Amino acid sequence: MTDPTTSPPRVRKAVIPAAGLGTRFLPATKATPKEMLPVVDKPAIQYVVEEAVAAGLTDVLMVTGRNKRPLEDHFDKAWELEEVLAAKGDESRLEQVQASSDLADVHYVRQGDPKGLGHAVLCARHHVGRQPFAVLLGDDLIDSRDPLLTRMLEVQATYGGSVVALMEVPEDQVNLYGCAELLPDDTAPDDDVVRVGGMVEKPDPADAPSNLAIIGRYVLHPDVFDVLEQTPPGRGGEIQLTDALQTLARREGEGGGVRGVVFRGRRYDTGDRLDYLKAVVRLACEREDLGPGLRAWLADYVAAGFRAEGDPR
């Protein structure tokens with residue numbers, strides 16, 4: 001736990017790795033970044049930036065790669081479009097267009113080589129400096145009604161070190177995630193905070209240390225940059241962030257220690273095609289403007305045996 005007589009540096013910056021090729025969504029992502037795929041009527045990446053801003057982080061660095069220019073355009077001013085909407089008096093759509101460019105102070109850095117998540121985080125070193133910072137992965141959308149990142153920032157301010165987000169998953173799915181090994185912890189009175197002793201990337205279910213999977217939210221101590229520089233490529237020939245966190249979990253003193261926040265709220269996975277479709281349907285069903293009509297149509301569609309009107313089957 002941090003010394004109560006000193007005030008730890010406040011987290012002010014968020015890093016969003018966005019250099020992936022999105023091959024699971026080809027051919028849609030041949031010319032469109034996967035982060036720009038719409039989830040109802042906003043690109044997935046906007047939900048992530050909105051989450052960071054809601055937690056008080058308005059300085060956002062996106063780690064991008066080639067063909068990611070649409071990300072920059074989306075968070076930039078669109079003067080011509082705004083002028084057209086203003087001339088039409090379409091205030092509602094004008095506000096929607098302006099919302100993305102007014103959200104945060106967004107910066108960009110290129111990840112020249114696809115060397116993994118750890119390398120993407122390392123690319124943020126000069127922008128972040130020697131302050132703790134948040135990392136948000138774009139494939140995980142966290143419902144705005146469940147402020148996970150805010151809770152993680154509270155835990156990091158209390159205990160120092162680094163904080164990862166954990167979520168219980170079925171045992172037969174642990175091989176899809178990095179899983180946490182837990183240590184006894186008498187210093188954490190809250191049932192959603194655990195002490196992490198190590199992490200195993202995509203373990204065989206028989207060898208998994210727990211069913212607590214690491215999901216795409218981190219609050220990291222800046223010492224992670226020093227560790228990542230010395231971390232050799234691991235699984236898949238990439239520099240794994242979990243390997244660096246392993247080192248920090250074993251370290252005592254300033255910069256050492258890893259806590260986990262066990263998240264029991266609503267999470268939408270947009271990194272898989274089927275889960276992406278589920279996310280769109282779930283979020284649309286809860287919208288006041290779309291939900292009633294969509295829910296009614298879904299009920300009729302299911303009742304009809306998944307046959308649309310005019311289907312000859």
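## Overall fold

In the protein chain, 76% of the contacts with a separation of 6 or more come from residues 24 or more positions apart. Keep in mind that this is a predicted model. DSSP-style bookkeeping gives the protein chain 11 helices and 13 strands.

How does the overall size work out? For 313 residues, a compact globule would have a radius of gyration near 20 Å, and the protein chain comes in at 21 Å, which agrees. Along its principal axes, the C-alpha trace covers about 65 × 50 × 40 Å. Buried residues account for 45% of the 313 in the protein chain. As for the outside, the accessible surface is about 16,500 Å², with 50% of it belonging to carbon and sulfur atoms.

## Nonpolar cores

In soluble globular proteins, nonpolar side chains tend to be buried together. Here, the largest nonpolar core has 45 residues, and the ones with the most contacts inside it are Ile-16, Leu-57, Met-62, Leu-136, Leu-148 and Leu-149. Apart from it lies another core, this one of 32 residues, including Ala-120, Val-128, Phe-133 and Val-224.

Leu-57 is a handy place to start looking. Setting aside residues up to four places away in sequence, Leu-57 touches Val-11, Arg-12, Lys-13, Ala-14, Ala-52, Ala-134, Leu-149 and Leu-153.

## Strand E12 and its partners

Strand E12 (residues 258-262) is mostly covered, with five of its five residues buried. Both faces get this treatment: Val-258, Gly-260 and Val-262 are buried on one side, and Arg-259 and Val-261 are buried on the other.

E12 pairs with strand E8 (residues 162-168) in the parallel sense, over five bridges; Leu-166 has Val-262 of E12 as its bridge partner. Strand E10 (residues 193-201) runs antiparallel to E12 and is joined to it by four bridges. In that setting, Val-193 is matched with Val-261 of E12.

## Helix H9, tucked in

Helix H9 (residues 241-250) has seven of its 10 residues buried, so it is largely enclosed by the rest of the structure. The buried ones are Leu-241, Thr-242, Ala-244, Leu-245, Gln-246, Leu-248 and Ala-249.

What do those buried residues of H9 pack against? The list runs to helix H5 (117-122), E8, E10, strand E11 (212-220), helix H8 (223-229) and E12.

## Two loop aspartates

Asp-146 sits in the loop between strand E7 (140-142) and helix H7 (148-159). With a relative accessible area of 16%, Asp-146 falls under the 20% cut-off, so it counts as buried. Not counting residues up to four places away in sequence, Asp-146 touches Phe-263, Gly-265 and Arg-266.

Asp-185 is in the loop between strand E9 (178-183) and E10. Leaving aside neighbours within four places in sequence, Asp-185 contacts Val-194, Arg-195 and Arg-259. Asp-185 and Arg-259 are 74 residues apart along the chain, yet their C-alpha atoms are separated by 9.8 Å. Arg-259 is also one of the buried residues of E12.

## Helix H11 and what follows

Does the length of H11 come out short, long or as expected? At 1.5 Å a residue, the 13 residues of helix H11 (residues 291-303) should span 18 Å, and the end C-alpha atoms are 18 Å apart, which agrees. Just after H11, Gly-305 takes a positive phi of about 75 degrees.

Notes:
Residues are numbered from 1 along each chain as its sequence is written. This is a predicted model: local features need pLDDT of at least 70, side-chain atom pairs count only at pLDDT 80 or more; totals for chains, interfaces and linings use all residues. Side-chain values use heavy atoms; hydrogens and water are left out. The expected span of a helix is 1.5 Å times one less than its number of residues. Buried means under 20% relative accessible area, exposed over 50%, partly exposed in between (1.4 Å probe, protein chains only). Two strands pair if DSSP finds at least two bridges between them. Contact means heavy atoms within 4.5 Å. A nonpolar core is a set of buried Ala, Val, Leu, Ile, Met, Phe, Trp, Tyr and Cys residues joined through side-chain atoms within 4.5 Å. The radius of gyration is taken over C-alpha atoms; the globule rule is 2.2 Å times the number of residues to the power 0.38. Accessible areas come from the Shrake-Rupley method with a 1.4 Å probe; for residues, only the protein chains shown count as cover.
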